[in-house]
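Please open the model in your viewer and keep the selection tool at hand. The tour below moves from one selection to the next and says what is to be found at each stop.

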Amino acid sequence: MKIKTDRLLIVPCTAESYNAFSDKYEMGPHIEMHLEELKNDIKSIGWGVWFVIHCDSNLVIGDVGFKGKPNDQKTVEIGYGINSDYQNNGFATEAVNGIKDWALSSNQVDKIVAECAEENVASIRVLEKIGMSRTYSKDGFIYWENPQRVDS
């Protein structure tokens with residue numbers, strides 16, 4: 001399972017990919033949590049962390065993903081982060097759009113939601129560029145969702 005975009009290769013975090021990249025990428029606690037979840041539920045592959053690999057350099061430049069499998073309403077929450085050296089080049093938008101399209105084409109997801117801090121201008125731009133809509137703001141955070149998918 002891989003997602004290829006114009007400039008990126010996006011691969012799900014597994015024990016194997018973690019081992020391949022652990023000496024080249026700073027792993028945050030969310031990655032460790034996802035690996036623990038995979039030990040208990042192999043069907044969580046794809047619904048957690050994905051590594052974002054820059055095709056030209058073959059380096060992991062960030063991670064994107066979902067905060068768990070789709071719920072009963074076929075909704076997932078998306079999250080992302082790109083290393084500072086690679087920010088402001090459209091990589092977050094490209095990666096998030098790639099996994100958003102993957103999730104919506106899975107037939108397991110109808111809605112994607114996100115949250116970001118009100119002062120996080122870069123994240124706001126990413127979410128706007130991939131077609132998310134602001135739903136409300138609360139306690140310094142903006143909450144987002146994609147337009148509801150309607151199958152004909």
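Begin by selecting residues 91-105, which form helix H3, a run of 15 residues that reaches 21 Å from its first C-alpha to its last, close to the 21 Å expected at 1.5 Å a residue. Bear in mind from the outset that this is a predicted model. If you show the surroundings of H3 as well, you will find that 11 of its 15 residues are buried, so the helix is largely enclosed by the rest of the structure. To see which positions these are, colour Phe91, Ala92, Thr93, Glu94, Ala95 and Val96 at the start of the list, and then Gly98, Ile99, Lys100, Ala103 and Leu104, which complete the buried set of H3. Just after the helix, pick Asn107, where phi takes a positive value of about 65 degrees.

Now zoom out to the whole chain. Its secondary structure comes to four helices and eight strands, and, read from the N terminus, the order of these elements is β-β-α-α-β-β-β-α-β-α-β-β. The radius of gyration is 15 Å, close to the 15 Å that the globule rule gives for 152 residues, so the chain is as compact as a globular protein of that length. Measured out along its principal axes, the C-alpha trace spans about 40 × 35 × 35 Å. Buried residues account for 43% of the 152 residues, and of the contacts between residues at least 6 apart in sequence, 55% join residues at least 24 apart.

Switch to a surface display, where the accessible area of the chain comes to about 8,500 Å², with 47% of it belonging to carbon and sulfur atoms. Colouring by charge should bring out 16 positive and 23 negative side chains, and the centres of these two sets lie 4 Å apart.

Next, select Ile53, which has its place in strand E3 and which, at 5% relative accessibility, counts as buried. Which residues is Ile53 in contact with, once its neighbours within four places in sequence are left aside? They are Arg7, Leu8, Leu9, Val11, Phe21, Asn58, Leu59 and Val60. For a link back to the opening stop, draw a distance from the C-alpha of Ile53 to that of Ala95, which is 42 residues away along the chain and separated from it by 9.4 Å.

Two of the residues in contact with Ile53, namely Asn58 and Leu59, make the next stops. Asn58 is found in the loop between strand E3 (49-54) and strand E4 (59-66), and its phi is near 60 degrees, a positive value in a residue other than glycine. As a general background, most residues other than glycine have a negative phi. Is Asn58 buried or exposed? With a relative accessible area of 60%, Asn58 is exposed.

Leu59 lies in strand E4 and is partly exposed, with a relative accessible area of 38%. Beyond residues up to four places away in sequence, Leu59 touches Val52, Ile53, His54 and Tyr86. A distance drawn between the C-alpha atoms of Leu59 and Leu8, which are 51 residues apart along the chain, should read 9.9 Å.

Follow the chain past E4 to Lys74, whose place is in the loop between E4 and strand E5 (75-82). Lys74 also has a positive phi, of about 60 degrees, although it is not a glycine, and at 30% relative accessibility it counts as partly exposed.

For the final stop, turn to helix H2 (residues 29-40) and select His34 within it. His34 is buried, with a relative accessible area of 4%, and, not counting residues up to four places away in sequence, it touches Cys13, Ser44, Gly48 and Val49. Of these partners, Ser44 is a convenient one for a distance check, since a line between the C-alpha atoms of His34 and Ser44 spans 8.4 Å, with the two residues 10 apart in sequence.

Notes. Residues numbered from 1 in each chain as written. Predicted model: local features only at pLDDT ≥ 70, side-chain atom pairs only at ≥ 80, totals over all residues. Heavy atoms only, no water. Helix = DSSP H or I, 4+ residues; strand = E, 2+ residues; numbered from the N terminus. Rg over C-alpha atoms; globule rule 2.2 N^0.38 Å. Buried < 20%, exposed > 50% of the residue type's maximum accessible area, 1.4 Å probe, protein only. Contact = heavy atoms within 4.5 Å. Areas by Shrake-Rupley, 256 points an atom, 1.4 Å probe, with all protein chains shown as cover. Lys, Arg positive; Asp, Glu negative; His and termini not counted. Charge placed at Lys NZ, Arg CZ, Asp CG, Glu CD. Expected span 1.5 Å × (residues − 1).
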